[in-house]
Amino acid sequence: MSPTPDDRPAPERTLAEINADIRCLFARAEGRLSDAERIRHAALLQEWAAAVRASVVPAA
């Protein structure tokens with residue numbers, strides 16, 4: 001059985017907050033990420049994707 005919206009854990013941060021962190025990361029790095037920044041970017045993308053999945057409402 002698929003989880004209902006109430007069964008899904010709520011994301012800790014909003015999509016807007018995660019997106020702001022991604023934008024700040026690139027702004028600080030002037031578009032060129034170091035290895036550590038690439039790792040942080042990958043983690044932010046995973047967090048963003050999880051938040052997107054949590055925000056999807058299944059069709060009736």
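**Entry 1: cover over H2**

I began with what lies over the buried residues of H2. Helix H1 (15-29) is part of that cover. I note here that this is a predicted model.

Which residues of H2 are buried? I found His-41, Leu-44 and Ala-51. They span an arc of only 85 degrees around the axis, which puts them on the same side of H2. I then turned to the opposite face. The face of H2 turned away from the buried side carries exposed Asp-35, Ile-39, Gln-46 and Arg-53.

**Entry 2: length of H2**

I checked the span of helix H2, residues 35-55. With 21 residues at 1.5 Å a residue, 30 Å is expected. The C-alpha atoms at its ends are 30 Å apart, so expectation and model agree.

**Entry 3: the chain as a whole**

I counted secondary structure next. The protein chain has two helices and zero strands. Of its 60 residues, 13% are buried. I also looked up the exposed surface of the chain, which comes to about 4,900 Å². Carbon and sulfur atoms supply 58% of that surface. Then I took the contacts in the chain with a separation of 6 or more. Residues 24 or more positions apart account for 56% of them.

**Entry 4: the nonpolar core**

How many residues make up the largest nonpolar core? I list seven: Ile-18, Ile-22, Leu-25, Ala-29, Leu-33, Leu-44 and Ala-51. H1 and H2 each supply at least two residues of this core. H1 gives the most, with four residues. Leu-44 and Ala-51 of this core are also on my list of buried H2 residues.

I followed Ile-22 further. I left aside its neighbours within four places in sequence. What remains in contact with Ile-22 is His-41, Leu-44 and Leu-45.

**Entry 5: salt bridges around Arg-13**

I went on to charged pairs. Side chains of opposite charge can pair when their charged atoms come close. The structure holds four salt bridges.

I took Arg-13 as the starting point. Its side chain meets that of Asp-21 in a salt bridge, at 2.5 Å from N to O. Arg-13 also bridges to Glu-47, at 2.8 Å from N to O. Which parts does this second pair tie together? Arg-13 lies in the segment before H1 and Glu-47 in helix H2, so the pair links parts 34 residues apart in sequence.

Are these side chains buried or exposed? I checked each in turn. Arg-13 is partly exposed, with a relative accessible area of 24%. Asp-21 is partly exposed at 26%. Glu-47 is partly exposed, also with a relative accessible area of 26%.

**Entry 6: a pair within H2**

I then looked at Asp-35 and Arg-38. Their side chains meet in a salt bridge, at 2.6 Å from N to O. The two residues are three apart in helix H2, so about one helical turn separates them. An α-helix has 3.6 residues a turn, so residues three or four places apart point the same way. Asp-35 is exposed, with a relative accessible area of 58%. Arg-38 counts as partly exposed, at 47% relative accessibility.

I closed with the network. Arg-13, Asp-21, Arg-40 and Glu-47 are joined into one network by salt bridges that share partners.

Methods: Residues are numbered from 1 along each chain as its sequence is written. This is a predicted model: local features need pLDDT of at least 70, side-chain atom pairs count only at pLDDT 80 or more; totals for chains, interfaces and linings use all residues. Side-chain values use heavy atoms; hydrogens and water are left out. The expected span of a helix is 1.5 Å times one less than its number of residues. Buried means under 20% relative accessible area, exposed over 50%, partly exposed in between (1.4 Å probe, protein chains only). The arc is that of the directions from the helix axis to the C-beta atoms. Contact means heavy atoms within 4.5 Å. A nonpolar core is a set of buried Ala, Val, Leu, Ile, Met, Phe, Trp, Tyr and Cys residues joined through side-chain atoms within 4.5 Å. Accessible areas come from the Shrake-Rupley method with a 1.4 Å probe; for residues, only the protein chains shown count as cover.
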